[in-house]
Amino acid sequence: MRLRTLTAAAGALALCLTGCAQSGSAGSSSHTVTYWLWDSNQQPAYQACAKEFEKRNPGLRVKITQLGWDDYWTKLTASFIAGTEPDVFTDHIQKFGQFADLKVLEPLDDLGIDDSAYQPGLAANWMGQDGHRYGAPKDWDTVALFYNKKMTDAAGLTAAQLNDLSWNPKDGGSFEKAIAHLTVDRNGKRGDEPGFDKNNVKVYGLATNGGGDGDGQTQWSNFTASTGWNYTDKARWGTRYQYDSPAFQSAIKWYFGLAKKGYMAPFTDYNSQSNQANTQVSAGKAATAFDGAWMISTYAGFKGLDMRTAVTPEGPTGKRATMMNGLADSITKNARNKEGARKWVKYLSSNECQRTVGGYGIVFPATPDGTAAAVAAYRKKGIDVTAFTEPVADKKDFRTFSYPITNYAADVYALMHPAMQDIFGNGKSVTSLDRTNDQINLILSQ
(Lines give C-alpha, C1' and ligand atoms only; values in the text may rest on other atoms or scores of the structure.)
Protein backbone atom coordinates (compact mmCIF):
# COMPACT_ATOMS: atom_id res chain seq x y z
CA MET A 1 0.00 0.00 0.00
CA ARG A 2 3.04 2.36 -0.22
CA LEU A 3 2.62 4.77 -3.12
CA ARG A 4 4.87 5.68 -6.02
CA THR A 5 3.44 9.01 -7.15
CA LEU A 6 3.42 9.95 -10.79
CA THR A 7 4.36 13.62 -10.89
CA ALA A 8 4.76 13.94 -14.64
CA ALA A 9 1.55 12.10 -15.39
CA ALA A 10 -0.30 14.13 -12.81
CA GLY A 11 0.91 17.30 -14.50
CA ALA A 12 -0.33 16.06 -17.83
CA LEU A 13 -3.64 15.19 -16.22
CA ALA A 14 -4.01 18.68 -14.79
CA LEU A 15 -3.46 20.22 -18.23
CA CYS A 16 -5.69 17.75 -19.99
CA LEU A 17 -8.76 17.92 -17.80
CA THR A 18 -9.89 21.11 -19.48
CA GLY A 19 -9.15 20.12 -23.04
CA CYS A 20 -9.07 16.36 -23.60
CA ALA A 21 -11.99 14.37 -24.91
CA GLN A 22 -13.92 12.46 -22.29
CA SER A 23 -15.26 9.30 -23.81
CA GLY A 24 -16.30 7.67 -20.56
CA SER A 25 -15.28 4.42 -18.90
CA ALA A 26 -13.74 1.90 -21.23
CA GLY A 27 -16.01 -1.10 -21.71
CA SER A 28 -18.75 0.42 -19.57
CA SER A 29 -22.44 0.64 -20.44
CA SER A 30 -25.78 1.08 -18.72
CA HIS A 31 -25.66 -2.64 -17.90
CA THR A 32 -22.03 -2.84 -16.76
CA VAL A 33 -20.08 -1.26 -13.91
CA THR A 34 -16.31 -1.27 -14.44
CA TYR A 35 -14.23 -1.69 -11.27
CA TRP A 36 -10.45 -1.56 -10.92
CA LEU A 37 -8.32 -2.89 -8.06
CA TRP A 38 -4.62 -3.68 -7.68
CA ASP A 39 -4.40 -6.63 -5.28
CA SER A 40 -4.74 -10.00 -7.03
CA ASN A 41 -5.16 -11.70 -3.64
CA GLN A 42 -8.33 -9.72 -3.04
CA GLN A 43 -9.89 -10.26 -6.46
CA PRO A 44 -11.67 -13.56 -5.58
CA ALA A 45 -13.32 -11.91 -2.56
CA TYR A 46 -14.63 -9.05 -4.66
CA GLN A 47 -15.75 -11.43 -7.39
CA ALA A 48 -17.87 -13.07 -4.69
CA CYS A 49 -19.31 -9.68 -3.73
CA ALA A 50 -19.99 -8.94 -7.40
CA LYS A 51 -21.85 -12.23 -7.81
CA GLU A 52 -24.16 -11.43 -4.91
CA PHE A 53 -24.56 -7.83 -6.08
CA GLU A 54 -25.65 -8.98 -9.53
CA LYS A 55 -28.26 -11.27 -7.95
CA ARG A 56 -29.67 -8.29 -6.05
CA ASN A 57 -29.55 -6.02 -9.10
CA PRO A 58 -30.83 -7.97 -12.12
CA GLY A 59 -29.51 -6.56 -15.37
CA LEU A 60 -26.37 -5.08 -13.82
CA ARG A 61 -22.94 -6.67 -14.30
CA VAL A 62 -19.66 -5.83 -12.56
CA LYS A 63 -16.53 -6.09 -14.68
CA ILE A 64 -13.44 -6.31 -12.43
CA THR A 65 -9.98 -5.42 -13.73
CA GLN A 66 -6.92 -6.22 -11.63
CA LEU A 67 -3.60 -4.51 -12.33
CA GLY A 68 -0.26 -4.72 -10.53
CA TRP A 69 0.60 -1.86 -8.14
CA ASP A 70 2.81 0.21 -10.45
CA ASP A 71 0.72 -0.43 -13.58
CA TYR A 72 -2.42 0.41 -11.65
CA TRP A 73 -1.52 4.03 -10.91
CA THR A 74 0.11 4.61 -14.30
CA LYS A 75 -2.92 3.33 -16.20
CA LEU A 76 -5.44 4.98 -13.91
CA THR A 77 -3.82 8.39 -14.38
CA ALA A 78 -3.58 7.79 -18.13
CA SER A 79 -7.25 6.77 -18.22
CA PHE A 80 -8.30 10.12 -16.74
CA ILE A 81 -6.39 11.84 -19.53
CA ALA A 82 -7.79 9.60 -22.28
CA GLY A 83 -11.34 9.55 -20.95
CA THR A 84 -11.26 5.78 -20.44
CA GLU A 85 -11.39 5.73 -16.66
CA PRO A 86 -13.30 3.00 -14.81
CA ASP A 87 -16.63 3.74 -13.16
CA VAL A 88 -15.24 2.75 -9.75
CA PHE A 89 -11.71 2.20 -8.49
CA THR A 90 -9.87 1.33 -5.30
CA ASP A 91 -8.48 4.62 -3.97
CA HIS A 92 -5.45 5.28 -1.78
CA ILE A 93 -5.45 8.05 0.81
CA GLN A 94 -2.16 9.51 -0.41
CA LYS A 95 -3.67 9.97 -3.86
CA PHE A 96 -6.90 11.42 -2.53
CA GLY A 97 -5.74 15.02 -2.17
CA GLN A 98 -4.44 15.12 -5.73
CA PHE A 99 -7.52 13.50 -7.25
CA ALA A 100 -9.90 15.72 -5.27
CA ASP A 101 -8.00 18.82 -6.29
CA LEU A 102 -8.13 17.80 -9.95
CA LYS A 103 -11.88 17.19 -9.63
CA VAL A 104 -11.84 13.71 -11.12
CA LEU A 105 -13.91 12.18 -8.29
CA GLU A 106 -17.66 12.05 -7.89
CA PRO A 107 -19.15 13.15 -4.52
CA LEU A 108 -20.71 10.26 -2.58
CA ASP A 109 -22.85 12.30 -0.18
CA ASP A 110 -26.04 10.58 -1.30
CA LEU A 111 -24.89 7.08 -0.30
CA GLY A 112 -25.84 7.56 3.34
CA ILE A 113 -22.46 6.49 4.70
CA ASP A 114 -22.42 6.56 8.51
CA ASP A 115 -18.97 7.15 10.03
CA SER A 116 -19.91 5.11 13.11
CA ALA A 117 -20.48 1.99 10.98
CA TYR A 118 -16.74 1.66 10.38
CA GLN A 119 -13.56 1.45 12.39
CA PRO A 120 -12.90 4.90 13.95
CA GLY A 121 -11.43 7.51 11.62
CA LEU A 122 -11.72 5.56 8.38
CA ALA A 123 -14.75 7.33 6.95
CA ALA A 124 -13.68 10.82 8.04
CA ASN A 125 -10.43 10.57 6.07
CA TRP A 126 -12.36 10.65 2.79
CA MET A 127 -14.03 14.00 3.32
CA GLY A 128 -12.69 16.67 0.98
CA GLN A 129 -11.89 20.24 1.91
CA ASP A 130 -15.15 21.22 0.24
CA GLY A 131 -17.15 19.16 2.75
CA HIS A 132 -18.06 16.41 0.28
CA ARG A 133 -17.31 12.71 0.64
CA TYR A 134 -15.23 11.10 -2.11
CA GLY A 135 -14.54 7.61 -0.80
CA ALA A 136 -16.53 4.77 0.78
CA PRO A 137 -14.51 2.90 3.47
CA LYS A 138 -13.17 -0.41 2.21
CA ASP A 139 -10.54 -1.87 4.53
CA TRP A 140 -7.74 -0.94 6.92
CA ASP A 141 -4.26 -2.01 7.89
CA THR A 142 -1.69 -1.44 10.61
CA VAL A 143 2.03 -2.25 10.91
CA ALA A 144 3.69 -4.86 13.13
CA LEU A 145 7.06 -6.58 13.54
CA PHE A 146 7.29 -9.87 11.64
CA TYR A 147 9.94 -12.21 13.01
CA ASN A 148 11.51 -15.56 12.16
CA LYS A 149 10.81 -17.69 15.26
CA LYS A 150 13.73 -20.03 14.64
CA MET A 151 16.11 -17.05 14.69
CA THR A 152 14.56 -15.40 17.72
CA ASP A 153 14.59 -18.73 19.58
CA ALA A 154 18.28 -19.16 18.75
CA ALA A 155 18.90 -15.68 20.14
CA GLY A 156 17.01 -16.54 23.34
CA LEU A 157 14.25 -13.98 22.69
CA THR A 158 10.73 -15.02 23.69
CA ALA A 159 7.44 -13.85 22.23
CA ALA A 160 6.72 -12.02 25.49
CA GLN A 161 10.02 -10.14 25.26
CA LEU A 162 9.46 -9.20 21.61
CA ASN A 163 6.04 -7.82 22.51
CA ASP A 164 7.49 -5.74 25.33
CA LEU A 165 10.26 -3.86 23.51
CA SER A 166 10.82 -0.13 23.87
CA TRP A 167 13.08 2.37 22.12
CA ASN A 168 14.47 5.87 22.47
CA PRO A 169 16.65 7.98 20.14
CA LYS A 170 19.62 8.06 22.54
CA ASP A 171 20.59 4.40 22.91
CA GLY A 172 17.78 2.58 21.10
CA GLY A 173 16.47 0.93 24.27
CA SER A 174 15.60 -2.75 24.45
CA PHE A 175 14.53 -2.72 20.79
CA GLU A 176 18.03 -1.90 19.56
CA LYS A 177 19.50 -4.44 21.98
CA ALA A 178 17.23 -7.12 20.52
CA ILE A 179 18.01 -6.18 16.92
CA ALA A 180 21.73 -6.13 17.68
CA HIS A 181 21.56 -9.58 19.29
CA LEU A 182 19.66 -10.98 16.31
CA THR A 183 22.35 -9.73 13.93
CA VAL A 184 25.03 -12.30 13.05
CA ASP A 185 28.22 -11.70 11.05
CA ARG A 186 30.03 -14.12 8.72
CA ASN A 187 32.05 -15.50 11.63
CA GLY A 188 29.02 -16.18 13.81
CA LYS A 189 29.50 -13.17 16.06
CA ARG A 190 26.33 -11.42 17.16
CA GLY A 191 25.96 -7.66 16.90
CA ASP A 192 26.32 -7.16 20.66
CA GLU A 193 29.41 -9.39 21.00
CA PRO A 194 33.08 -8.33 20.94
CA GLY A 195 34.64 -8.75 17.52
CA PHE A 196 31.39 -8.27 15.58
CA ASP A 197 32.19 -7.32 11.96
CA LYS A 198 29.53 -4.85 10.78
CA ASN A 199 30.96 -4.91 7.24
CA ASN A 200 30.42 -8.65 6.78
CA VAL A 201 26.97 -9.46 8.07
CA LYS A 202 25.29 -12.77 7.33
CA VAL A 203 21.92 -12.08 8.98
CA TYR A 204 20.68 -8.59 9.81
CA GLY A 205 18.54 -8.13 12.87
CA LEU A 206 16.15 -5.88 10.92
CA ALA A 207 15.27 -5.82 7.23
CA THR A 208 14.82 -2.54 5.37
CA ASN A 209 12.14 -1.22 3.06
CA GLY A 210 14.23 1.73 1.90
CA GLY A 211 14.16 5.39 2.85
CA GLY A 212 10.44 5.66 3.39
CA ASP A 213 9.82 8.75 1.25
CA GLY A 214 7.58 11.22 3.12
CA ASP A 215 5.43 8.75 5.04
CA GLY A 216 7.76 5.96 6.23
CA GLN A 217 4.79 3.64 6.67
CA THR A 218 6.77 0.39 6.98
CA GLN A 219 10.09 2.02 7.80
CA TRP A 220 10.25 4.72 10.46
CA SER A 221 6.68 5.95 11.00
CA ASN A 222 6.02 3.92 14.16
CA PHE A 223 9.15 5.40 15.73
CA THR A 224 8.55 9.03 14.77
CA ALA A 225 4.90 8.86 15.84
CA SER A 226 5.79 7.33 19.20
CA THR A 227 7.76 10.51 19.99
CA GLY A 228 4.48 12.44 19.68
CA TRP A 229 5.43 13.87 16.27
CA ASN A 230 2.82 14.56 13.55
CA TYR A 231 3.38 14.90 9.80
CA THR A 232 1.48 18.16 9.55
CA ASP A 233 -0.07 20.89 11.66
CA LYS A 234 -3.55 19.35 11.37
CA ALA A 235 -4.83 15.78 11.30
CA ARG A 236 -6.37 16.26 7.86
CA TRP A 237 -5.67 18.82 5.15
CA GLY A 238 -2.71 20.29 6.97
CA THR A 239 -1.03 23.36 5.51
CA ARG A 240 2.45 22.85 6.98
CA TYR A 241 4.64 19.75 7.15
CA GLN A 242 6.93 19.23 10.16
CA TYR A 243 9.96 17.37 8.82
CA ASP A 244 12.09 20.08 10.42
CA SER A 245 11.04 18.98 13.92
CA PRO A 246 13.93 18.01 16.25
CA ALA A 247 11.87 15.03 17.49
CA PHE A 248 11.41 13.76 13.93
CA GLN A 249 15.00 14.28 12.93
CA SER A 250 16.43 12.62 16.04
CA ALA A 251 14.27 9.54 15.41
CA ILE A 252 15.34 9.40 11.75
CA LYS A 253 19.02 9.79 12.65
CA TRP A 254 18.77 6.92 15.14
CA TYR A 255 16.75 4.69 12.79
CA PHE A 256 19.10 4.94 9.82
CA GLY A 257 21.97 4.70 12.27
CA LEU A 258 20.99 1.06 12.82
CA ALA A 259 22.29 0.36 9.32
CA LYS A 260 25.57 2.15 10.04
CA LYS A 261 26.03 -0.13 13.05
CA GLY A 262 25.36 -3.18 10.87
CA TYR A 263 22.10 -4.14 12.59
CA MET A 264 19.75 -3.18 9.72
CA ALA A 265 20.18 -4.08 6.07
CA PRO A 266 21.91 -1.15 4.33
CA PHE A 267 20.41 0.91 1.52
CA THR A 268 23.18 -0.11 -0.86
CA ASP A 269 22.29 -3.81 -0.52
CA TYR A 270 18.50 -3.52 -0.52
CA ASN A 271 17.28 -0.52 -2.49
CA SER A 272 15.09 -2.04 -5.19
CA GLN A 273 11.44 -2.94 -5.49
CA SER A 274 12.39 -6.59 -6.07
CA ASN A 275 14.32 -6.88 -2.80
CA GLN A 276 12.07 -5.47 -0.15
CA ALA A 277 11.87 -6.46 3.50
CA ASN A 278 9.80 -9.59 2.94
CA THR A 279 12.29 -10.85 0.36
CA GLN A 280 15.18 -10.33 2.78
CA VAL A 281 13.35 -12.28 5.49
CA SER A 282 12.31 -15.13 3.19
CA ALA A 283 15.92 -15.48 1.98
CA GLY A 284 17.20 -15.74 5.55
CA LYS A 285 19.07 -12.44 5.26
CA ALA A 286 17.10 -10.72 8.05
CA ALA A 287 15.49 -11.94 11.26
CA THR A 288 12.73 -9.33 11.53
CA ALA A 289 10.88 -6.77 9.43
CA PHE A 290 8.29 -4.08 9.97
CA ASP A 291 5.52 -4.60 7.46
CA GLY A 292 1.82 -4.03 6.93
CA ALA A 293 -1.20 -6.22 7.51
CA TRP A 294 -1.66 -6.63 3.75
CA MET A 295 1.51 -8.77 3.88
CA ILE A 296 0.24 -11.26 6.49
CA SER A 297 -0.47 -14.02 3.98
CA THR A 298 2.84 -13.42 2.21
CA TYR A 299 4.91 -13.93 5.36
CA ALA A 300 2.75 -16.86 6.47
CA GLY A 301 3.42 -18.50 3.12
CA PHE A 302 7.22 -18.57 3.42
CA LYS A 303 8.17 -22.22 3.00
CA GLY A 304 10.11 -23.70 5.88
CA LEU A 305 9.82 -20.59 8.05
CA ASP A 306 7.74 -20.18 11.20
CA MET A 307 6.82 -16.49 11.01
CA ARG A 308 5.24 -14.69 13.96
CA THR A 309 4.35 -11.07 14.72
CA ALA A 310 4.90 -8.66 17.60
CA VAL A 311 3.53 -5.19 18.29
CA THR A 312 5.63 -2.11 17.52
CA PRO A 313 8.00 -0.98 20.30
CA GLU A 314 6.98 1.54 22.94
CA GLY A 315 8.37 5.01 22.35
CA PRO A 316 9.43 8.00 24.49
CA THR A 317 5.80 9.03 25.01
CA GLY A 318 5.03 5.72 26.71
CA LYS A 319 2.85 4.58 23.82
CA ARG A 320 3.33 2.26 20.88
CA ALA A 321 2.39 3.65 17.48
CA THR A 322 1.39 2.38 14.07
CA MET A 323 0.00 3.96 10.96
CA MET A 324 -3.59 2.90 10.37
CA ASN A 325 -4.19 3.25 6.68
CA GLY A 326 -7.59 2.73 5.12
CA LEU A 327 -8.49 2.26 1.47
CA ALA A 328 -11.78 3.34 -0.08
CA ASP A 329 -13.81 2.88 -3.22
CA SER A 330 -14.28 6.01 -5.33
CA ILE A 331 -16.47 6.83 -8.32
CA THR A 332 -14.92 8.75 -11.19
CA LYS A 333 -16.42 12.08 -12.20
CA ASN A 334 -16.89 10.95 -15.81
CA ALA A 335 -18.13 7.44 -15.02
CA ARG A 336 -20.36 6.25 -17.83
CA ASN A 337 -22.62 4.26 -15.52
CA LYS A 338 -22.97 6.52 -12.48
CA GLU A 339 -26.25 5.01 -11.32
CA GLY A 340 -24.81 1.51 -11.39
CA ALA A 341 -21.56 2.74 -9.85
CA ARG A 342 -23.41 4.26 -6.88
CA LYS A 343 -25.25 1.00 -6.26
CA TRP A 344 -22.00 -0.97 -6.48
CA VAL A 345 -20.06 1.32 -4.11
CA LYS A 346 -22.92 1.33 -1.63
CA TYR A 347 -22.86 -2.47 -1.66
CA LEU A 348 -19.06 -2.58 -1.38
CA SER A 349 -19.26 -0.47 1.79
CA SER A 350 -22.05 -2.58 3.27
CA ASN A 351 -21.69 -5.05 6.13
CA GLU A 352 -22.80 -7.86 3.80
CA CYS A 353 -19.98 -7.41 1.30
CA GLN A 354 -17.40 -6.63 3.97
CA ARG A 355 -18.25 -9.79 5.90
CA THR A 356 -17.81 -11.72 2.66
CA VAL A 357 -14.41 -10.14 2.05
CA GLY A 358 -13.38 -10.74 5.66
CA GLY A 359 -14.19 -14.43 5.29
CA TYR A 360 -11.33 -14.80 2.80
CA GLY A 361 -8.74 -13.83 5.42
CA ILE A 362 -6.77 -11.50 3.14
CA VAL A 363 -7.43 -8.01 4.57
CA PHE A 364 -9.29 -6.37 7.46
CA PRO A 365 -12.55 -4.89 6.10
CA ALA A 366 -13.62 -1.46 7.38
CA THR A 367 -16.72 -2.56 9.33
CA PRO A 368 -16.28 -4.21 12.77
CA ASP A 369 -18.20 -7.28 11.57
CA GLY A 370 -15.97 -7.51 8.52
CA THR A 371 -12.90 -7.26 10.73
CA ALA A 372 -14.25 -10.00 13.03
CA ALA A 373 -14.82 -12.24 10.01
CA ALA A 374 -11.23 -11.65 8.89
CA VAL A 375 -9.81 -12.44 12.34
CA ALA A 376 -11.78 -15.70 12.41
CA ALA A 377 -10.61 -16.59 8.88
CA TYR A 378 -6.97 -15.95 9.79
CA ARG A 379 -7.43 -18.06 12.93
CA LYS A 380 -8.65 -20.98 10.81
CA LYS A 381 -5.44 -20.68 8.83
CA GLY A 382 -3.45 -20.83 12.06
CA ILE A 383 -2.43 -17.17 11.89
CA ASP A 384 -2.51 -14.94 14.98
CA VAL A 385 -3.20 -11.32 13.92
CA THR A 386 -3.35 -9.79 17.40
CA ALA A 387 -0.34 -7.56 16.73
CA PHE A 388 -2.37 -5.80 14.02
CA THR A 389 -5.77 -5.64 15.71
CA GLU A 390 -4.67 -4.75 19.26
CA PRO A 391 -3.52 -1.21 18.35
CA VAL A 392 -6.99 -0.45 16.98
CA ALA A 393 -8.76 -1.77 20.07
CA ASP A 394 -6.38 -0.42 22.73
CA LYS A 395 -6.23 3.38 22.56
CA LYS A 396 -4.62 3.62 26.00
CA ASP A 397 -1.34 1.97 25.09
CA PHE A 398 -1.34 2.50 21.33
CA ARG A 399 -1.47 5.49 19.04
CA THR A 400 -2.84 5.00 15.52
CA PHE A 401 -2.45 7.69 12.89
CA SER A 402 -3.18 8.22 9.22
CA TYR A 403 -1.14 8.96 6.15
CA PRO A 404 -0.67 12.72 5.84
CA ILE A 405 -3.66 14.08 3.91
CA THR A 406 -2.71 17.27 2.10
CA ASN A 407 -2.72 18.90 -1.29
CA TYR A 408 0.26 18.47 -3.63
CA ALA A 409 1.00 14.89 -2.54
CA ALA A 410 2.94 14.25 -5.75
CA ASP A 411 5.17 17.24 -5.07
CA VAL A 412 5.77 16.18 -1.48
CA TYR A 413 6.85 12.76 -2.74
CA ALA A 414 9.07 14.29 -5.43
CA LEU A 415 10.97 16.21 -2.76
CA MET A 416 11.00 13.69 0.10
CA HIS A 417 11.89 10.59 -1.93
CA PRO A 418 15.42 11.74 -2.87
CA ALA A 419 15.88 13.55 0.45
CA MET A 420 15.32 10.39 2.51
CA GLN A 421 17.40 8.30 0.13
CA ASP A 422 20.27 10.77 0.55
CA ILE A 423 20.08 10.44 4.32
CA PHE A 424 19.82 6.64 4.32
CA GLY A 425 22.02 5.81 1.35
CA ASN A 426 24.52 8.66 1.24
CA GLY A 427 24.82 9.62 4.88
CA LYS A 428 23.49 13.14 4.41
CA SER A 429 22.69 15.00 7.61
CA VAL A 430 19.09 14.86 8.86
CA THR A 431 19.21 18.65 9.21
CA SER A 432 19.08 18.80 5.39
CA LEU A 433 15.37 18.15 5.87
CA ASP A 434 14.99 21.73 7.11
CA ARG A 435 15.43 23.01 3.55
CA THR A 436 13.26 20.26 2.08
CA ASN A 437 10.52 21.09 4.57
CA ASP A 438 10.69 24.77 3.62
CA GLN A 439 10.33 23.87 -0.06
CA ILE A 440 7.32 21.68 0.65
CA ASN A 441 5.60 24.31 2.77
CA LEU A 442 6.22 26.95 0.11
CA ILE A 443 4.35 24.76 -2.37
CA LEU A 444 1.50 24.21 0.06
CA SER A 445 1.19 27.95 0.63
CA GLN A 446 0.39 28.61 -3.04
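# A guided tour from the nonpolar core to the sheet

Select L206: leaving aside neighbours within four places in sequence, this residue is in contact with L145, F175, I179, Y255, L258, Y263, M264, A265, A286, T288, A289 and F290. The model on display is a predicted one.

Next, extend the selection to the core around this residue. The largest nonpolar core holds 77 residues, and L206 is among those that touch the most other members, together with F96, F175, W220, Y243, Y255 and F256. Colour helix α9, residues 246-260, which supplies the largest share of this core, 8 residues. Another core lies apart from this one; it has 57 residues, and V33, A45, A123 and M295 are among them.

**The sheet**

Now display the strands. An open sheet is formed by 6 strands with mixed pairing, in the order β2-β1-β3-β11-β4-β12. At the edges stand β2 (61-66) and β12 (364-365); each has a single partner strand, so one side of each is left without a neighbour in the sheet.

Within the sheet, select β1 (residues 32-37) and β3 (residues 88-91), which pair in the parallel sense over 2 bridges. W36 is found opposite F89 in β3. Then add helix α3, residues 69-82: this helix lies across β1 and β3 and runs at about 135° to β3.

**S330 in strand β11**

Move to β11, residues 325-331, and pick S330. Is S330 buried or exposed? With a relative accessible area of 0%, S330 is buried. Its side chain reaches the backbone oxygen of Y134 at 2.7 Å. Not counting residues up to four places away in sequence, S330 touches D87, V88, F89, D91, L105, Y134 and G135; F89 is the residue already seen opposite W36.

**T371 in helix α14**

Select helix α14, residues 368-380, and centre the view on T371. T371 has a relative accessibility of 8%; because buried means under 20%, T371 counts as buried. Which residue's side chain joins that of T371 in a polar contact of 3.2 Å? The partner is Q119. Beyond four places in sequence, T371 touches Q119, W140, F364 and P365.

**One face of helix α12**

Finish at helix α12, residues 338-348, and show the side chains of its buried residues: G340, A341, W344, V345, Y347 and L348. Turn the view to look down the axis of α12: these buried residues fall within an arc of 160°, so they line one face of the helix.

Key. Residues numbered from 1 in each chain as written. Predicted model: local features only at pLDDT ≥ 70, side-chain atom pairs only at ≥ 80, totals over all residues. Heavy atoms only, no water. Core = buried A, V, L, I, M, F, W, Y, C linked by side-chain atoms within 4.5 Å. Buried < 20%, exposed > 50% of the residue type's maximum accessible area, 1.4 Å probe, protein only. Helix = DSSP H or I, 4+ residues; strand = E, 2+ residues; numbered from the N terminus. Contact = heavy atoms within 4.5 Å. Polar contact = N/O pair within 3.5 Å; in protein donor to acceptor, adjacent residues only side chain to side chain. Arc of directions from axis to C-beta. Pairing = 2+ DSSP bridges. Axes fitted to C-alpha atoms, helices over the stretch in contact; angles between N-to-C directions.
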